[in-house]
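I sat down with this one to jot a few notebook entries. Here is what I looked up, in the order I went.

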Amino acid sequence: MSDILRRHRVAALLGAALIISPFVMSFAQGEGNTVPTTQTPVAGITAPNGSFAPIVAADKPAVVTVTTVMKAQPETMSDASPFDGGSPFDDYFRQFFGDQGMPTPKTPPQQQPQRAEALGSGFIVGADGTIVTNNHVIDGASSIKVTLDDGTELPAKLVGRDAKNDLAVLKVKSDKPLPTVKWGDSDKLMPGDQVLAFGNPFGIGTTVTAGIVSARGRDLHSGPFDDFIQIDAPINHGNSGGPLVDVAGNVVGINTAIYSPNGGSVGVGFAIPSDQAQKVVAKLMKGGSIQYGYLGVQIQEVTPDVASAIGLDHTGGALVSEVNDGSPAARGGIETGDVITSFAGQDVKDPKDLSRAVADVAPGARETVDVWRKGKPMRISVDVGHNSDDVKTASLDDGSGAPSAGRAPAIGLGLMDITPDIRQQMNLADKQHGAVVASVNPDKAAAASGIQAGDIIVAVNQVPVKNARQVTQAIALAGRSGRKSVLLLVERGDAQIYIAVPFANG
């Protein structure tokens, strides 16, 4: 879904909701028990036998509306309305409002900056006026205003924000202590547990809806730390940043997204877990921003086929498919083909575990990394770097040799050496080595596993190969060794990925 995610400005214009065609998203997060609270949790009440009214009465005063004023860039202005035909926002507004006669005021002919107002939600976690909302709710705002449940309007100051977690912390000044909500433990949530979602959908005022937890650990591919709670409590545009509470009245999540074919709630929503959010908010309150650790590796899941191909008896860990040149990982000795099983003393069960563990480490810290390399465990020390844009470079040995072609046994690949003509046609680097996939039999295992014509195989079972003959021989050797699959390291475009191809389906 990430390739069609439309964030920030579109989100703001629609009432602080993020749009995924055909889905709608609204992101939020919150943070920890380091914030003072004045509220006593409400005793658990389960509808329909009981009523949610006591929870609503206790929590609703701490839910706020966040109004932002954004200044559009002069160059985006034209004689037409920004929501008229031809506008990049037109399809989204039509999808959401249909043909209900939504007003589309014209922009003055002169190219003047235009102010746009957007609405989102938030909740008070400190009686001193500390408020949690989404980063996309306030992104690009020239001014921020918070409206309390009793109608009081207060100017808000941005304390800190974190785009990776789509989280922001605001502060307002009040002449009296403000009502708060207390953080709960999202780790205790289970599918089927009842929850309430608060927010200001469509700008009509603070609203509460009820539902259950549908699933845990959803990955929407919207960021590196996706671990969403799926809920069926209706949330809509403007709910961004509103709290998701349990039947004790404690915040267990932040309403964040809906999956929708029409722009409105169809009962599939998502919230960021409070346990994840609390840590981020605590850091923002202290420093206003977060410095993430950086390792510099491309990683992927250890599937059963991958594990079989490299001789692992389990599927845990994160497989390193590429090490960025000059990165902390490269300097520390991590190699392509390593399976990282723990980082900084934390077990790594999958790639997400590693991403979160690295991000949580302060740049400059020296940490231990446990890896499984070619059948043996190893421990490596790495100086964690500062997060930055990844630089994908590779320094590969020349794989030149006499032109030849071969057919990898059992799996259905036609291979060719990298000749000067092929190097020129494919615009390959002078030192590129490996074998080009010339054809893929659609009825064989390689095609089913995702190998494509034009891929370049650079390693087989973690051993570098220079030409088609070496690839063929290595695959044949893997088959004779009794392994159920063979692991190919493939270069495709600017990326390297491991693909495990089973022999059983060959």
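My helices (H or I, at least four residues) and strands (E, at least two) are DSSP runs, numbered from the N terminus. With that settled, I noted that Gly288, just after helix H5, takes a positive phi of about 85 degrees.

**Ground rules.** This is a predicted model, so to speak of local features I need pLDDT of at least 70, and side-chain atom pairs count only at pLDDT 80 or more, while totals for chains, interfaces and linings use all residues. Residues are numbered from 1 along each chain as its sequence is written, and side-chain values use heavy atoms, with hydrogens and water left out.

**Whole chain.** I found 11 helices and 30 strands. Of the 506 residues, 50% are buried (under 20% relative accessible area, with exposed over 50% and partly exposed in between; 1.4 Å probe, protein chains only). I then looked at contacts (heavy atoms within 4.5 Å): among those with a separation of 6 or more, 66% are between residues 24 or more positions apart.

**Helix H5.** H5 covers residues 274-287 and reaches 20 Å from its first C-alpha to its last, close to the 20 Å expected (1.5 Å times one less than its number of residues). Its buried residues include Gln276, Val280, Val281 and Leu284. Among the elements that cover them I noted S8, S9 and strand S14 (251-258).

**Strands S7 to S9.** I call two strands paired if DSSP finds at least two bridges between them. S7 (residues 141-147) and S8 (residues 153-162) run antiparallel, joined by 3 bridges, and Val146 has Leu154 as its bridge partner. The hairpin they form has 5 residues between the strands, and Gly151 in the turn shows a positive phi of about 95 degrees. S8 goes on to pair with S9 (residues 167-172), also antiparallel, over 6 bridges; here Lys157 is matched with Lys171. In that second hairpin, with 4 residues between the strands, Asp166 has a positive phi near 50 degrees.

**Cores.** Which residues have the most contacts inside the largest nonpolar core? They are Val66, Phe123, Val146 and Leu170, in a core of 45 residues (a set of buried Ala, Val, Leu, Ile, Met, Phe, Trp, Tyr and Cys residues joined through side-chain atoms within 4.5 Å). S9 gives the most to this core, with 5 residues. A second, separate core has 21 residues, including Ile457 and Val490. Back at Val146, I listed its neighbours beyond four places in sequence; Val64, Ile131, Leu170 and Val172 are among them.

**Strand S10.** S10 (residues 194-199) is largely enclosed by the rest of the structure, because 5 of its 6 residues are buried. It pairs antiparallel with S11 (residues 207-218) over 6 bridges, and 2 bridges join S10 to S13 (residues 243-245), again antiparallel. Leu196 stands opposite Val245 in S13.

**Aromatic pairs.** For rings of Phe, Tyr and Trp (its six-membered ring) I asked for centres within 6.5 Å; planes under 30 degrees apart count as stacked, over 60 as edge-to-face and the rest as tilted. That rule gives 2 aromatic pairs. Phe123 and Trp183 have ring centres 5.5 Å apart and planes at 70 degrees, so the pair is edge-to-face. Phe123 sits in S5 and Trp183 in the loop between S9 and S10, 60 residues apart; both are buried. Phe228 and Phe270 are also edge-to-face, at 6.4 Å and 65 degrees. Phe228 is buried at 2% relative accessible area, and Phe270 is buried at 6%.
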